[in-house]
Amino acid sequence: MTIRRKLSLSFGVILALFGVNLAIYLWGAHQRNLMVNSLSHDLARAGLIAQVNQKLDDLHKQITLLSSLSEGTGAAAASPSEISQFQLQLDGLAKSVGSLTAQADDAERPNLAAFQANTEQLAQSWLRYYQNIGVHPDVAVVELALHADPLSTELFQRRLPELKKAEDARVTQAKADFARVARITDRVSIGIFVFTLLIALVIALRMWRDVAGALGDLMAGAAAWGRGGLDHRLRARPDEFGQLGAGFNQMAASLATAQDNVRRRSLELEESNRLLEDKNLEIEEQRRRSEGLLLNILPAAIAAELQTSGEVSPRYFEDVTILFTDFVGFTRASENLPVEELLRRLNGYFTRFDRVVAAYGLEKLKTIGDAYMCAGGIPIKNSSHPVDAVLAAFALEEAVAECNREFQCQWPVRIGIHTGPVAAGVVGIHKFAFDVWGDTVNFAARLEATGEANRINISSITYHRIKDFFAADFRGAVPTKEGKAHDMYFVQGLRSDLRPPGGAAEAAAALTRRYQIYFSRPPAATPPSLLS
């Protein structure tokens, strides 16, 4: 049964019970009114009887007084006005007795009729007595003795007491009936009210149980769904809550399906994201490799410019130090080595060269066979590049010595250094490389070619830039293959004033202090061969 129908039926039952309560109340009120009317009627009759008794008593006393007066001195005859007044009293008595008789029921009417007849006879006898007193005293006495006294005695001693007793009994019975009816109607009213209250309470409890149970199921379902338990279902009910629960169950099923779809799509998306992330990592790794390869080919600033604009603008550097190295007797030594061993050894030497060059802030430019070329002050300009190049040259000699020991060979190296202006840039679109051009480059190559094994040959320009740090032997004007003579120097090591008697630690400290004074920063490192 639906909630709407239950509510309608419940309200109908409650309204019917209230209708019964109203009917019982009206019936009780009617019964009380009947009893009140009956009691009022009986009380009115009792009042009339008392009134008749009073009037009879007053008239009897008046007649008795006249009778007493006439026996002593004789009474005067009544005047017409007195007779008329006495007649009015008798008419009032007759009217009261008539009203009493009119209110009598069928059972009382014979007695009241006899009482009325006696009263009328007595009234006529008293009237004759009153008219004859003082006029015909004998007639008045005879009337009083033969008629009035016997009738008054009958009324006062038998008729009136019987009427009063009967009327008192009627009043008592009417009061008892009223109390009985009031008690019955009160009990019936209270009983039907209690019954109505119990029925209403039962209906309310059943409705509360149904509604509270349905609401409890809905709240439990909402709590379960809120915790993510979309498999929870509300139980079936044959009412509106059941229809609502069915709608919620369908909604939960749809949400569960949607959640499964979302979860599946999420897993697919996670897998796609993972694959995309792997792809991005792979791309990023390829990009890093490409950048690494590009940085191995080009300086960082040049590589960034090439990546940004797709080309590199030519640049002019007015102050750059170029350093060339070349192994002495490489061609002859390579003829007796397998290709793999030759490449292994070259890779060992040049790998150490790359580390030294990077450590001292120089830029590797290229290798040509066994020749190695690098530069200082490019592409980032600085003022310490001549000193850095010489420091790097000593470190390169140490690297060559280490490799010679490692490979158990003797590959002496020549190093040439020159300082001057150069032009720089990237040419071509395939296998491009950052390169420098100019007389400075060519003269640095000539310095390397005119040098000696395991010696650092520098130009006079470079010498004047490093003479405050290093001691050098002047070689004089050395001719190049073009036939021109140039002043050249072999670098010997640190200046004597940078080699205090305290040893290598004090020498390193002195070099660092002077380097800091000249260039406002410490040197990258100091080759141990300079300090030994």
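A salt bridge, for this talk, is a side-chain nitrogen of Lys or Arg within 4 Å of a carboxyl oxygen of Asp or Glu. By that rule, the side chains of K364 and D354 meet in one, at 3.2 Å from N to O. K364 lies in strand β2 and D354 in helix α8, so this bridge ties together parts that are ten residues apart in sequence. Helices here are DSSP runs of H or I with at least four residues, strands are E runs with at least two, and both are numbered from the N terminus.

Quick housekeeping. This is a predicted model: local features need pLDDT of at least 70, side-chain atom pairs count only at pLDDT 80 or more, and totals for chains, interfaces and linings use all residues. Residues are numbered from 1 along each chain as its sequence is written, and side-chain values use heavy atoms, with hydrogens and water left out.

Back to the bridge. Are its partners buried or exposed? Neither label fits: K364 is partly exposed at 31% relative accessible area, and D354 is partly exposed at 30%. The cut-offs are these: buried is under 20% relative accessible area, exposed is over 50%, and partly exposed is in between, with a 1.4 Å probe and protein chains only.

How many salt bridges does the whole structure hold? The search finds 22. One of them joins E448 and R414, with the closest N and O atoms 3.2 Å apart. E448 sits in helix α10 (residues 439-449) and R414 in strand β4 (residues 413-426), so the pair ties together parts that are 34 residues apart in sequence. Both E448 and R414 are buried. Then there is D497 with R495, at 3.1 Å from N to O. D497 is partly exposed at 39%, and R495 is partly exposed at 30%. Salt bridges that share partners also join E271, R274 and D278 into one network.

Now helix α8 itself. The helix runs over residues 339-359, 21 in number. The expected span is 1.5 Å times one less than the number of residues. For α8 that gives 30 Å, and the end C-alpha atoms are 30 Å apart, which agrees. Which residues of α8 are buried? They are E341, L342, R345, L346, G348, Y349, F350, F353, V356 and V357. Their cover includes β1 (315-327), α7 (330-334), β2 (363-368), β3 (371-376) and α9 (385-407). Just after α8, G361 takes a positive phi of about 75°.

Next, aromatics. Rings of Phe, Tyr and Trp (its six-membered ring) pair if their centres lie within 6.5 Å; planes under 30 degrees apart are stacked, over 60 edge-to-face, and the rest tilted. The structure holds 18 such pairs. Take F327 and Y349: centres 4.9 Å apart, planes at 65°, so the pair is edge-to-face. F327 is in strand β1 and Y349 in helix α8, 22 residues apart, and the pair links distant parts of the chain. F327 is buried at 3% relative accessibility, and Y349 is buried at 0%. Both belong to one aromatic cluster with F330, F350, F353, Y372, F407 and W411.

F327 and Y349 come back in the nonpolar core. A nonpolar core is a set of buried Ala, Val, Leu, Ile, Met, Phe, Trp, Tyr and Cys residues joined through side-chain atoms within 4.5 Å. The largest has 50 residues, and those with the most contacts inside it are F327, Y349, I417 and F470. Which element gives the largest share of this core? That is α9, with 13 residues. What does I417 touch? Contact means heavy atoms within 4.5 Å. Leaving aside neighbours within four places in sequence, the partners of I417 include T321, L323, A393, L447, I456 and T462. Apart from this core lies another, of 30 residues, among them I49, F115, A140 and L151.

Last, the backbone. Most residues other than glycine have a negative phi, and most peptide bonds are trans. Where are the exceptions? The peptide bond from I378 to P379 is cis, with omega near -5°. P379 is in the loop between β3 and α9. Q408 is not a glycine, yet has a positive phi of about 55°. Q408 sits in the loop between α9 and β4, and is exposed at 74%. N454 also has a positive phi, near 60°. N454 is in the loop between α10 and β6 (455-459), and is partly exposed at 44%.
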